[in-house]
Amino acid sequence: MATIGRAAKETVSGLPDGFWWLWTSTLVNRTGAFVLTFLSLYLTQELGYSAWYAGLVIALHGLGGIAGSPLGGMLTDRWGRRPTMIAGHLGTAAGAAALAVVTSAVGVAVVVLLMGVAMQAVRPAIGATIADLVPEHERRRAYALNYWALNLGFAIAALGGGAAIVFGYRTLFLVDAAATVLCAVIVFLRLPETRPAVPAAVKGEEAAAGPKVSVVEVLRDGPFRTLVLLNLLVCLIFTAPWVGLPLTMAGEGLEPSAYGMVIAVNGVVIVGFQLLVNKITDRRSPAALLTVSSLLFAAGTGATALAGTPLLFAVTVVVWTLGEMVHVPTNAAATARLAPEHARGRYQGVMGMSWALAGFLAPILAGWIVDGPGPDVLWIGCGVIGVVAAAGYATLLRRVLAKSEEEAAAAAVAAAAGAVAAVPVPAPDADGEKVSG
């Protein structure tokens, strides 16, 4: 416990106040995130829709995210970080409130689709703001802390929502809307606008021919395109257990309550050990960390094919959760490092699109494979994809990320030297003693 306490103290020290207000807004937002957690139960138990329809609606949320992420990235760079976050949070709040009154099949589907757009549009702004606020050598730590807040809030929402469900699903959705509005208020009142000034050359281009950094332009950045594609592979195997694992455990004759306990291990491990993991991985090679995280995903998901008891399934969850804890902040920091300063939002938006695309495809593919070839094929396939991603990080991005890491370290040293040089040094007087001036 003393080790965890020291790691926590070292992890949270030295970051700017603006980051902590952003962190607080993330925690508040996720603490009230009841819609997605209970949406499938609401649709099937309260409104009487089929499980197929519930799955379709959740997939539409992911589809909205595919559009929302690049939209949010563009708005983040052109409109600003704060207005993009505020608009996205208010749009999400409006959707959550609408679900408390909209009951028709088409209406619910449209609201959830638009919520997917709004929720995902916020994420590039958050990622870009962290990159703006935090020095480069501290960004991985900052992204890890923000991810920790997200999971801590989600754990609180799951527990609180389960207890408060006696008040009804609609009440939970209204609480979600209120929490999201509060998040927007925090951003409006306490978070500064951090968008860097656009270089003169870029201003001239935009004035003459409109913005040049489109999604296509971002994907022409070879190293970043590789990072996005490898992240898509990892996201596919990260998302698969959320659909494939309950189906696999049911096929083994285990009760739904067993799945609830097993998947809860994911949140418990992240909340309990993210700060310690961040301390252990601090200052490590980003390519090496992404390689290791991919192998942990491969081992954890692949070993699911061998599990047959709740304990063994829980062990596999622990393994791929460790991969998640290493991968998410490292990938976010690598995205910020490869992005030009004036296009951070768009780069974060394209990266977010890979997460949203996986969130749309993986549930469909996982369900199809479990019903067809069988769960063992799903888990072995996930293991193979994880190994392929690890090989890609180790061979295709090692030099690029190592070079950017060296440049960041050199910039940090130069900045420190400049700060020292800026301190006036008293000149010696005739006796050799320093005098103030």
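User: Which helix gives the largest share of the nonpolar patch?

Analyst: This is a predicted model, in which local features need pLDDT of at least 70, side-chain atom pairs count only at pLDDT 80 or more, and totals for chains, interfaces and linings use all residues. Residues are numbered from 1 along each chain as its sequence is written, and side-chain values use heavy atoms, with hydrogens and water left out. The patch consists of L90, V181, L182, V185, F188 and L189; patch residues have over 30% relative accessible area and no salt bridge (a side-chain nitrogen of Lys or Arg within 4 Å of a carboxyl oxygen of Asp or Glu), and nonpolar side chains (Val, Leu, Ile, Met, Phe, Trp, Tyr) are joined within 5 Å, like charges within 9 Å. Five residues, the largest share, come from helix α8 (residues 169-190).

User: Is F188 buried or exposed?

Analyst: F188 lies in helix α8, helices being DSSP runs (H or I, at least four residues; strands are E, at least two) numbered from the N terminus. Buried means under 20% relative accessible area, exposed over 50%, and partly exposed in between (1.4 Å probe, protein chains only). Because its relative accessibility is 53%, F188 counts as exposed.

User: Which element gives the largest share of the largest nonpolar core?

Analyst: A nonpolar core is a set of buried Ala, Val, Leu, Ile, Met, Phe, Trp, Tyr and Cys residues joined through side-chain atoms within 4.5 Å. Of the 50 residues in the largest one, F224, L227, L245, L378 and Y393 touch the most other members. Elements that give two or more residues to this core include α11 (222-239) and α17 (375-396). The largest share, nine residues, comes from α15.

User: Which residues does I156 touch, leaving out those up to four places away in sequence?

Analyst: I156 has its place in helix α7 (residues 139-164) and counts as partly exposed because its relative accessibility is 38%. Its C-alpha is 10.0 Å from that of G267, 111 residues away in sequence. With contact defined as heavy atoms within 4.5 Å, the residues that I156 touches are T31 and G161.

User: How many contacts beyond four places in sequence does the model have for residues 419-437?

Analyst: The chain averages a pLDDT (the predictor's confidence in each residue, from 0 to 100) of 85. Over residues 419-437, however, pLDDT stays under 50. Where pLDDT is low, the predicted coordinates should not be read in detail. For residues 419-437, the number of such contacts is eight.

How values were computed
Accessible areas come from the Shrake-Rupley method with a 1.4 Å probe; for residues, only the protein chains shown count as cover.
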